[in-house]
Amino acid sequence: MNALEISQLKKVYKGQVEALKGIDLTVVEGDFFALLGPNGAGKSTTIGILTALVNKTSGQVKVFGHDLDSELELAKAHIGLVPQEFNFNQFETVQQIVVNQAGYYGVERKVAIERSETYLKQTDLWEKRNTPARNLSGGMKRRLMIARAMMHQPKLLILDEPTAGVDIEIRRSMWKFLQEINQSGVTIILTTHYLEEAESLCRNIAIIDQGLIIENTSMKALLGKLSVETFILDLAKDVDELSLVCAKSHLLDPHTLQVEINKGDSLNHVFAELSNLGINVLSMRNKSNRLEELFVNLVEQGKQQESA
Amino acid sequence: MIKANYWIALQSIVYKECNRFLRIWVQTLVPPAITMTLYFVVFGSLIGRRVGEVNGFEYVEFMMPGLIMLSVINNAYSNVSSSFFSAKFQRNIEELLVAPVPTWVIVWGYVLGGVLRAVLVGAIVTAVALFFVDIQIYNFWVIITTLLLTAILFALGGLINAVYAKTFDDISIVPTFILSPLTYLGGVFFSVSMLPGFWQQVSQANPIIYMVNAFRFGFLGTSDINLTVAYSILIGLTIVLFTTATMLIKKGVGIRH
């Protein structure tokens with residue numbers, strides 16, 4: 001079954017700003033789906049329409065088969081939203097926020113209080129349950145929004161940049177938590193600026209730009225489009241000039257070498273050539289996130305087509 | 001969503017609203033008690049003695065139902081206008097908008113929150129009044145129905161105000177420039193019969209006259225206006241404001257893009 005079906009979705013804001021130009025998108029049940037795009041591409045508008053925070057101009061949206069126009073409440077009941085900005089009452093306590101939210105979805109207060117223990121413990125907020133939300137750190141507030149979204153046990157969890165401004169340690173623990181949620185059968189749609197996050201977590205991906213879906217495929221297929229990988233090598237000694245024969249390379253500084261390797265090629269000949277030159281390599285890392293390169297390329301292609 | 005879930009959602013909104021005004025009780029419950037105590041001391045005990053009787057009752061006795069109603073109107077209105085606007089401002093109204101809660105449940109949730117605060121403040125002011133007046137009850141049901149209908153009406157007014165408000169100033173304009181003059185000229189401190197003929201006619205256009213007088217009738221058994229007219233106006237305005245508030249929120253005015 002499809003968790004989400006979007007067809008010909010359009011949104012024109014006042015002032016004739018065309019945020020969505022007729023997008024089609026399908027997310028299957030159980031998927032961990034990435035929706036990526038540059039700022040102003042239409043991601044938040046799409047999520048806003050799915051969650052009834054933005055009125056669509058035209059098109060059809062179905063959540064687990066329930067049409068947003070004719071079965072809005074049933075569609076909403078399946079969705080849990082973690083928005084980009086903190087949108088809880090800063091003066092309420094952590095437990096009040098999650099328990100009240102469950103109540104809006106028809107979860108009885110007694111059940112909601114019991115359930116809050118589960119989700120607040122899973123998000124490491126149980127000890128803070130009586131703390132007013134304004135006193136939480138940024139990372140805690142993010143986790144609170146995830147716990148709140150899970151309180152009615154939705155079948156579709158939508159996360160709009162859930163780890164923005166969260167330190168790496170907490171981000172990793174949130175990834176683990178999200179993976180557990182997905183493994184329990186919850187379909188997840190994720191938007192993020194951390195492309196590494198999408199690459200690590202998501203199985204399928206759509207890239208939206210200027211109100212249009214410019215790519216919609218599996219993460220594996222998208223990454224398969226990469227023809228070149230870029231590595232950064234930290235050299236043991238400083239060199240003034242170095243150009244490898246076996247691969248495209250250039251010195252970033254006297255002890256840092258950037259090497260581009262065709263996909264599928266071995267790195268052994270790079271190390272062999274450096275060894276022959278008497279240069280030892282101390283460490284090596286990817287220059288940048290692989291998905292980031294693809295993302296930038298796709299968006300650039302889109303801009304070029306637009307201007308042509 | 002089944003009907004039982006609507007009930008749970010309504011309970012949750014009301015619980016949240018009550019929790020809000022009880023959490024800030026120093027701002028919500030104490031000021032009306034102090035203000036009304038001063039009214040009773042100054043206008044009731046000190047000046048009231050020189051005023052003499054109004055409609056056959058001591059001035060403080062005549063004024064008491066009006067002061068309770070004044071508190072009810074102000075608190076019902078300000079509770080909903082400030083709470084709903086804060087929810088818009090902090091964006092936690094989105095918690096409700098994304099949930100499968102029908103618009104009428106959202107409206108009633110906020111209105112009931114306002115009504116409960118108004119009733120609680122009304123009870124506090126009544127308790128204060130006991131120090132100055134021997135309260136008599138002429139018709140209990142008139143008191144209760146007028147109190148509840150008035151609180152509902154002004155809570156709905158506060159909600160509509162908050163829907164249109166874009167800044168905190170916008171939620172104080174109506175109470176300051178419209179509500180206060182209407183309330184003070186609404187027969188709280190005087191009988192309509194004390195006004196010159198022309199102003200008696202003008203006062204008929206003030207809806208608060210009907211609420212204050214109907215409420216006063218419940219205590220004293222005397223009123224400047226016909227009770228049936230008062231109830232008709234109260235019920236009619238409540239229906240109009242409820243329909244307006246529901247329509248505005250359903251359309252997403254001020255809360256949805």
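How many residues does helix α7 of chain B have, and how far does it reach from its first C-alpha to its last? In this predicted model, α7(B) spans residues 140–164, which makes 25 residues, and it reaches 37 Å between its terminal C-alpha atoms, close to the 36 Å expected at 1.5 Å a residue. Of these 25 residues, 19 are buried, so α7(B) is largely enclosed by the rest of the structure.

Chain B also meets chain A, with 23 residues of chain B in contact with 26 residues of chain A. On the chain B side, the elements that contribute two or more residues are α1 (3–23) and α5 (93–97) of chain B, and the largest share, 8 residues, comes from α1(B). By character, the residues on this side of chain B divide into 9 nonpolar, 8 polar and 6 charged.

Turning to chain A, the domain assignment gives domain 1 (2–223) and domain 2 (228–290), and the C-alpha centres of these two domains of chain A lie 41 Å apart.

Chain A contains an open sheet of 6 strands with mixed pairing, in the order β6-β7-β8-β3-β9-β10. Its edge strands, β6 (79–82) and β10 (212–218) of chain A, each pair on one side only, and neighbouring strands are turned against each other by 15 degrees on average, direction ignored. At one end of this order, strand β9 (204–209) of chain A runs antiparallel to β10(A) and is joined to it by 6 bridges, with A:N204 standing opposite A:S218 in β10(A). Helix α5 (138–150) of chain A, for its part, lies across β6 and β7 (156–160) of chain A and runs at about 170 degrees to β6(A).

Notes
Residues are numbered from 1 along each chain as its sequence is written. Chains are lettered from A and ligands numbered from 1 in the order in which they are written. This is a predicted model: local features need pLDDT of at least 70, side-chain atom pairs count only at pLDDT 80 or more; totals for chains, interfaces and linings use all residues. Domain bounds come from an automatic or database domain assignment. Helices (H or I, at least four residues) and strands (E, at least two) are DSSP runs, numbered from the N terminus. The expected span of a helix is 1.5 Å times one less than its number of residues. A residue is buried if 20 or more other C-beta atoms lie within 10 Å of its own, exposed if 12 or fewer, and partly exposed in between; C-beta atoms are placed from the backbone. Two residues are in contact if their C-beta atoms, placed from the backbone, lie within 7 Å. Ala, Val, Leu, Ile, Met, Phe, Trp, Tyr, Cys and Pro count as nonpolar, Asp, Glu, Lys and Arg as charged, and the others, Gly among them, as polar. Two strands pair if DSSP finds at least two bridges between them. Axes are lines fitted to C-alpha atoms, for helices over the stretch in contact, and angles run from 0 to 180 degrees between N-to-C directions.
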